[in-house]
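Hi,

Here's the structure I promised to pass on. Have a look at it first, then read my notes underneath.

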Amino acid sequence: MTIAAPILDPTWTALLYLVAAVCFILALKGLSSPKHARRGNAIGAVGAAVALVTVFLSSRLDNLPWILAAIAVGAAIAAPVARRVKMTQMPQLVAAFNGVGGGAAALVALLELPHSEMPDGAWVRLAIVFTLLIGAVSFAGSGVTFAKLQELMTTRPVTFLGLPVLMGAVLLASVVAAAMVIVLPLSTASTLLAVVVLALGLVAGVLLVLPVGGADVPIVISLLNAFTGLAVAASGLVLGNVLLVVAGTLVGASGTILTRLMAAAMGRSVTHIMFGAFRGGSTAGSTAVSDRPVRSSSAEDVAVLLGYAQKVIIVPGYGLAVAQGQHTAAELAQALESRGVDVEFAIHPVAGRMPGHMNVLLAEANVPYESLKEMSEINGEFKQADVALVVGANDVVNPAAKSTPGSPIYGMPILEAGDAKQVVFLKRSMRPGFAGIENDLLYEPQTTLLFGDAKESLTKVLTAVKAL
């Protein structure tokens, strides 16, 4: 079955593509703030729908039943996954979707190679091999990041003797094979070389991500997202589709900016994050448990500290998300505020697994946006706080970032929770955080630990506060 002739003329097609592009830009603007994120997401969905319908109405589509079947299968998989995914698994979902996008762009480019015989075929083939290589790197690299975050493999950096040499050889071979695809006449040999470029890109993607571990993995997801955007933009050049060029460029640019912001929040360069393991500077994800003595307490004692404080700053982290304790944390904040306690939430840019993770988590529990304070706003207030309640966070308050040169997180801006008069950590165990390093703040005289699941501990503390 084929749509014999386009329904829309080129003018209407261009106008509708412009509408879709504007929607994508407005979506990115909305997603820059938790307050407007839902609206931004809806606008982006409208833009995608407009783009999809425009393609159907403006193109001659062969094999229409297969196209519709593919859309149906994709929707049947994506809708349940998106509805059921936990907040703690969102980075894995982003990695999976991102990898699929890069892989799709690479396959489209490979299929378009036989149609690049026009006078400007060399330029088209340049876009094709670029899409093949970058799309394959994104697909394979995203697969490895998914496996690391899903703990299907070790989260620690994986290195071996000769890895940098092997990586360099693979990249060199990919460039040589790509150049041959561009300059050789179209033939079976050039098609096979394009498949070689695709295969080398897959190997390069794996080798690129293997040396990254611990808290650096989400940053690599953002970088690979930018790669996918570039691959999609290049595939737009291959297909002559302006909207793909615009959308891919937006994804590539926003992914690059996000990667740089996340790297800055970690206090390191993107290069150091990607290749730091070769110099011993990566967040290694150690699981060693310290046997140094700490001061632990009961939920009742913590409730007394909080209930009779004047100012409490809550520092949420990944442990809160894992325990699904955001609603209990919000209820505790309300209970304290009813007693006249000033309560604020301190949000680190990379708390959790992705930027905005904590904002979305707490917004889900209806914590007012004005109570969520970014690091630059809140750090000066810790000295006036009677209690800093650290719930499931570790690395973002670790003073090693300031005091220990050579530490994997040295130079990372942190929340100055240690400046509070009292610090209470809600921790499941003494295992280190995602960066795999010990936190000396746990052993300071003003620090108390309450061990247990974050939600259960918060529930006990809340019950005790209400009983005061």
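Keep in mind that this is a predicted model. Let's start with one residue: Ser235 has a relative accessibility of 5%, and because buried means under 20%, Ser235 counts as buried. You'll find Ser235 in helix 8, which covers residues 217–239. If you skip the neighbours within four places in sequence, Ser235 is in contact with Ala105, Thr131 and Leu244.

Next, a pair of helices. Packed helices are described by the angle between their axes and the distance between the axes. For helix 11 (residues 299–307) and helix 17 (residues 454–466), the axes come within 8 Å and cross at roughly 60 degrees. That makes helix 11 oblique to helix 17, and their crossing is right-handed. On the helix 11 side, Ala299, Glu300, Val302, Ala303 and Leu306 meet Lys460, Val461, Ala464 and Val465 of helix 17. Sort the residues of this contact by type and you get seven nonpolar, two charged and no polar.

Now for the sheet. It's an open one with six strands in the order 3-2-1-4-5-6, and the pairing is parallel. Strand 3 (372–374) and strand 6 (447–451) sit at the edges with a single partner strand each, so one side of each has no neighbour in the sheet. From one strand to the next, the twist averages 25 degrees. Zoom in on strand 4 (residues 387–391) and strand 5 (residues 422–427) and you'll see a parallel pair with five bridges; Val387 has Gln422 in strand 5 as its bridge partner. Helix 14 (residues 357–364) packs on the sheet, touching strand 1 (311–316), strand 2 (342–347) and strand 3.

Cheers

Conventions
Residues numbered from 1 in each chain as written. Predicted model: local features only at pLDDT ≥ 70, side-chain atom pairs only at ≥ 80, totals over all residues. Heavy atoms only, no water. Helix = DSSP H or I, 4+ residues; strand = E, 2+ residues; numbered from the N terminus. Buried < 20%, exposed > 50% of the residue type's maximum accessible area, 1.4 Å probe, protein only. Contact = heavy atoms within 4.5 Å. Axes fitted to C-alpha atoms, helices over the stretch in contact; angles between N-to-C directions. Parallel < 35°, antiparallel > 145°, perpendicular 65-115°, else oblique. Left-handed = near helix turned anticlockwise from the far one by under 90°. Nonpolar A, V, L, I, M, F, W, Y, C, P; charged D, E, K, R; others polar. Pairing = 2+ DSSP bridges.
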